[in-house]
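Trainee: I would like a close look at one part of this protein, the nonpolar interior. Please go through what builds it and then what lies around it.

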Amino acid sequence: MIRVLILATHPNDEIIGAGGSLAHHTDAGDEVTIAHITDGERGGSDSDPEALRGRRNREAVAAAAAVGVPADRVRFLRLPDGGIDPYDVEQFMTVLTELRASRPELLYVPHPHDGAFDHEAAFALAWRAAGMSGSSNFGNCGPAHWVPTVLGYEVWQPIRSPAFLRDVTPYTDRKITALTCYESQSPAVKGAGQSSQVGTGGTALSAWRGVTTTGGFREAFDVLRLGALP
């Protein structure tokens with residue numbers, strides 16, 4: 001059993017980028033924690049961000065359950081959607097506190113070049129926290145903990161040369177079920193012309209990775225730090 005933490009920029013990124021892998025970990029008996037950096041409260045046509053925040057929080061808990069992560073292992077860090085700042089000390093301390101509380105042996109983060117501004121800012125913030133987590137500095141954020149392995153996952157921009165691909169074919173049905181929980185992100189709700197990553201649409205990257213390698217569905221990762229791969 002290992003401890004796994006995934007940092008998601010917005011609710012649904014964790015499933016698009018690594019939903020099959022999360023199911024793999026829970027089936028293996030690993031302790032998985034999902035921490036949502038923002039609530040995605042600006043990611044919809046709803047004029048009331050607080051209403052969307054609540055809706056996406058509920059969707060995130062349901063999606064986590066679909067891949068085997070219980071509600072008490074789902075965290076909401078409440079940083080502002082559209083306002084992630086890796087140089088902001090309070091934001092840094094929020095993520096550092098989560099790292100030291102979860103004490104992961106394997107950390108998933110957005111990969112460094114994921115295209116969307118928030119995703120790349122989230123990577124920079126997470127990487128800064130992962131770099132400091134093993135230090136005795138910022139003692140008010142919890143006891144020091146070195147994260148041995150860090151993998152970057154893809155959502156908006158494919159990783160150019162992924163160093164690790166996991167076969168998630170056995171978990172794809174559960175990944176689709178989890179994606180379907182995010183109804184607020186469907187074109188039916190957000191309006192015509194919006195991306196369709198709910199349900200099977202969110203498996204497009206993992207299907208393409210399978211087509212271009214050895215078949216099935218595969219999730220691709222940037223190996224950013226390597227202690228051991230489970």
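Mentor: This is a predicted model, and the place to begin is its largest nonpolar core, which has 30 residues. Within that core, the residues with the most contacts are Ile6, Ile15, Val67, Val69, Tyr108, Tyr153 and Phe221. Both strands and helices contribute: strands S1 (3-8), S2 (31-38), S4 (106-110) and S5 (149-153), together with helices H1 (13-27), H2 (49-66) and H5 (172-180), each supply at least two residues of this core. H1 gives the largest share, five residues. A second core lies apart from this one; it has 24 residues, including Leu7, Ala35, Leu79 and Ile84.

Val69 serves as an example from the first core. Neighbours within four places in sequence aside, Val69 is in contact with Thr26, Val32, Ile34, Ala64 and Val74. Ala71, for its part, lies in the loop between H2 and strand S3 (74-79). Ala71 counts as partly exposed because its relative accessibility is 46%, and the partly exposed class runs between 20% and 50%. From Ala71 to Ile34 the distance is 9.5 Å, C-alpha to C-alpha, although 37 residues separate them in sequence.

Helix H4 also has a buried portion. Its 16 residues, 117-132, should span 22 Å at 1.5 Å a residue, and the end C-alpha atoms are 23 Å apart, so the two values agree. The buried residues of H4 are Asp118, His119, Ala121, Ala122, Phe123, Leu125, Ala126, Ala129 and Ala130. An α-helix has 3.6 residues a turn, so residues three or four places apart point the same way.

Next come the empty spaces. There is one cavity of 30 Å³ or more, and the largest cavity holds about 50 Å³ of space. Its lining consists of Ile16, Gly17, Glu154, Lys175, Leu205, Ser206, Arg209, Arg218, Glu219 and Ala220. H1, helix H7 (204-211) and strand S7 (218-225) are the elements that give two or more residues to that lining. By class, the cavity lining has five charged, three nonpolar and two polar residues.

The largest pocket contains about 210 Å³ of space. It is lined by 15 residues, and Asn12, Arg56, Trp156, Gln185 and Lys190 lie nearest its centre. The pocket lining divides into eight polar, four charged and three nonpolar residues.

Technical notes
Residues numbered from 1 in each chain as written. Predicted model: local features only at pLDDT ≥ 70, side-chain atom pairs only at ≥ 80, totals over all residues. Heavy atoms only, no water. Helix = DSSP H or I, 4+ residues; strand = E, 2+ residues; numbered from the N terminus. Expected span 1.5 Å × (residues − 1). Buried < 20%, exposed > 50% of the residue type's maximum accessible area, 1.4 Å probe, protein only. 1 Å grid on protein atoms, 1.4 Å probe; cavity = no way out; pocket = protein on both sides within 12 Å on 5 of 7 lines; lining within 4 Å. Points joined across faces, edges and corners; volume = space filled by probe spheres on them. Nonpolar A, V, L, I, M, F, W, Y, C, P; charged D, E, K, R; others polar. Core = buried A, V, L, I, M, F, W, Y, C linked by side-chain atoms within 4.5 Å. Contact = heavy atoms within 4.5 Å.
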